[in-house]
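This report considers the internal spaces, the sheet and the salt bridges of one protein. The sequence and the structure are shown first.

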Amino acid sequence: MRISQRLAVLGDSPTLAVDARSKEMIRQGRPVISLALGEPDFPTPPHIVEAAIAAMHRGETRYTPTPGTPELRRAIAEKTRRDNNIPLEAADVVVSAGAKHSLFNAFEALLEPGDEVLVPLPCWVSYPPQIALAEGVLVPVPTSAGQGFRVDGDLLREKIGPRTRVILLNSPSNPTGACLTRADVTSIAELACERDLTIVSDEIYEDLVYEGERPVSPASLGPEVAARTVTINGVSKSYAMTGWRIGWAMAKDRGLVQAMTRLQSHSTSNACSVAQAAALAALTSPRDFQEDWRREFDRRRRRLVEGLNALPGVSCLMPAGAFYAFPDVSAHLGPGRRAATDTELALQLLEEAEVATVPGSAFEAPGHLRLSYALAYPRLEEALTRLTRFFQA
C-alpha cells in the first residue's frame, strides 16, 4: 500500500526507542521510574469530574457547535480577559481536542507552502512536524543556557526573510522551563508589528511559574499586537486534565477564527461534549488547589536541579516555569566517553539505572536530557539516587 508523501516529513522520533524499551521493561516487571511524562501527577479535581458525570446524566452527549459550546467559549473569553488582559469575546475562541490540535489548526490556517516560521530552539517535539505538514519552513532561532534559553531579539530580527510569516513563542517553555520577560515579549511584539508578522503564542504552562511575575501574553500589549496574535491554551497542565483533550485557539482576526473552524469541521467536528462540560467547570470554579500544586512542583524543581548539578559532568539551569529540567550532559557524549549521543545515553540510563528520560535531540537540542518533575517526591528522590550511582560509576 502506498503511503502519502506528506507523511514522509514526519520521520522517526528520537524518543521512540527509549519509550518502547521503557514500556517493555515495565511489562517485564522492572521498577522503572519515569522522568519522561509531560503531565501533572495530580488527579483531576473531583468537582471537575463530577461536572462531567452530571453532564452525561443531563444527556449532553451529542454534537456541539464546531468551535465549542457557547458557555465554554464565553468562560474562556472571560478567563482570558481576567487573567491575561486580552480583550476577547466568545466569538474569538475555537475549542479543539487539546492545545496540540489548536496549534495544528493554526498552522494549517496561517501557512502557505514555503512560508517561514521562526522557532526558538530548543522547542517542543510537535512544532517541527506540524509546521512541515502545513508545508511551512521552520527557521531555527537558537537560544542557550547562558541567556536563560530566552529569545535574543537581535538574532530574531536577523532571521527574518521575505517569506517569514510567523514567530512562534512558548513561555513557559517545554522543554527548558524558560520564561520570557515583559521586555522580551514587548520587543518581539514590536518586531512583529514592524515586519507584518503573526505571533503564535503557546501559553499552556502559564500557571506553572515559580520566579518573577506571571508570563506576559503578547496579545495583551495593545490592539495592534492583538490583531496579529493567535494565543493557544487549554486545561491539560493547569487542571491535570491531559486526557480530557480540551484546548483552544484565540484570535481577534475573525477571518482566521472562521478558517480554523472550517478546518476543524472536516476533521474532528467538535471537541468531546462531556470534556467541554468538565472544562467549563474547571474555568468557572475556585482554583485554590493550583497554588498547592505550584508549591509542590516548586519543591520538586529545586530538589531535582540541586541533585542534577551535583552529578559529575552535568549542569542544569534552574527552570523558571513548567515542570521540566533540561540538563546539559554533553560532557558524557562523544568518542571515548560514556555514549555517542544523547539518545544512546538515555537508553543506557533506562537499562542500567531504570530511569526513563527524553533525549534533548527530540527538542532540537542534542547534548541534553529532559527530565520531568511531575512525579511524587519520594519517587523523585529515588530517581536521583539512581542517577547518582549511574553518573558516578
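What volume does the second largest pocket have? The second largest pocket has a volume of about 250 Å³. Its lining comprises 20 residues, and those closest to its centre are Arg150, Cys179, Leu180, Thr181 and Ala320. By class, this lining holds 10 nonpolar, five polar and five charged residues. The model is a predicted one, and every value in this report is computed from it.

**Pockets and cavities**

The largest pocket has a volume of about 1,200 Å³. It is lined by 45 residues, and Lys100, Trp124, Val125, Ser126 and Arg370 lie nearest its centre. Three helices, α1 (16–27), α4 (99–110) and α5 (127–133), each supply at least two residues of this lining. Of the elements, α1 gives the most, with five residues. The lining of the largest pocket divides into 22 nonpolar, 13 polar and 10 charged residues.

Closed spaces are present as well: a search of the whole structure finds six cavities of 30 Å³ or more. The largest cavity has a volume of about 170 Å³. Of its 19 lining residues, Pro120, Pro122, Phe149, Asn170 and Ser173 are the closest to its centre. The elements that give two or more residues to this lining are β3 (116–121) and β5 (164–170). In terms of residue class, the lining of the largest cavity contains 14 nonpolar and five polar residues and no charged ones.

The second largest cavity holds about 100 Å³ of space. Among its 15 lining residues, the closest to the centre are Ser171, Ser201, Glu203, Val216 and Pro218. Here the elements that contribute two or more residues are β5 and β6 (198–202). The lining of the second largest cavity comprises six nonpolar, five polar and four charged residues.

**The sheet**

Strands β3, β5 and β6 also take part in an open sheet of seven strands, in the order β2-β8-β7-β6-β5-β3-β4, with mixed pairing. The edge strands are β2 (93–96) and β4 (137–142), each of which pairs on one side only. From one strand to the next, the twist averages 20°. Strands β5 and β6 run parallel and are joined by five bridges. Isoleucine 167 has isoleucine 199, in β6, as its bridge partner.

**Salt bridges**

A search of the whole structure finds 33 salt bridges. Three of them are listed below.

| Acidic residue | Basic residue | N to O distance |
|---|---|---|
| Aspartate 41 | Arginine 300 | 2.9 Å |
| Glutamate 211 | Arginine 301 | 3.0 Å |
| Glutamate 352 | Arginine 338 | 3.9 Å |

Which parts of the chain does the salt bridge between aspartate 41 and arginine 300 tie together? Aspartate 41 lies in the loop between β1 (33–34) and α2 (46–57), and arginine 300 lies in helix α11 (residues 288–309), so the pair ties together parts that are 259 residues apart in sequence. Aspartate 41 has a relative accessible area of 33% and is therefore partly exposed. Arginine 300, with a relative accessible area of 3%, is buried, because buried means under 20%.

Helix α11 also holds arginine 301, whose side chain meets that of glutamate 211 in a salt bridge. Glutamate 211 is in the loop between β6 and α8 (223–226), and the pair links distant parts of the chain, 90 residues apart. Is arginine 301 buried or exposed? At 0% relative accessibility, arginine 301 counts as buried, whereas glutamate 211, at 39%, counts as partly exposed.

The side chains of glutamate 352 and arginine 338 form the third listed pair. Glutamate 352 lies in helix α12 (residues 342–353) and arginine 338 in the loop between β9 (324–325) and α12, so this pair ties together parts that are 14 residues apart in sequence. Glutamate 352 counts as exposed at 54% relative accessibility, and arginine 338 counts as partly exposed at 25%.

Salt bridges also form a network, which links Lys79, Arg82, Asp83, Glu206, Asp207, Arg214 and Arg287.

Methods
Residues are numbered from 1 along each chain as its sequence is written. This is a predicted model: local features need pLDDT of at least 70, side-chain atom pairs count only at pLDDT 80 or more; totals for chains, interfaces and linings use all residues. Side-chain values use heavy atoms; hydrogens and water are left out. On a 1 Å grid over the protein atoms alone, a cavity is a set of points where a 1.4 Å probe fits but cannot get out, and a pocket is an open set with protein on both sides within 12 Å along at least five of seven lines; lining residues have an atom within 4 Å of a point. Grid points are joined across faces, edges and corners, and a volume is the space filled by probe spheres set on the points. Helices (H or I, at least four residues) and strands (E, at least two) are DSSP runs, numbered from the N terminus. Ala, Val, Leu, Ile, Met, Phe, Trp, Tyr, Cys and Pro count as nonpolar, Asp, Glu, Lys and Arg as charged, and the others, Gly among them, as polar. Two strands pair if DSSP finds at least two bridges between them. Axes are lines fitted to C-alpha atoms, for helices over the stretch in contact, and angles run from 0 to 180 degrees between N-to-C directions. A salt bridge is a side-chain nitrogen of Lys or Arg within 4 Å of a carboxyl oxygen of Asp or Glu. Buried means under 20% relative accessible area, exposed over 50%, partly exposed in between (1.4 Å probe, protein chains only).
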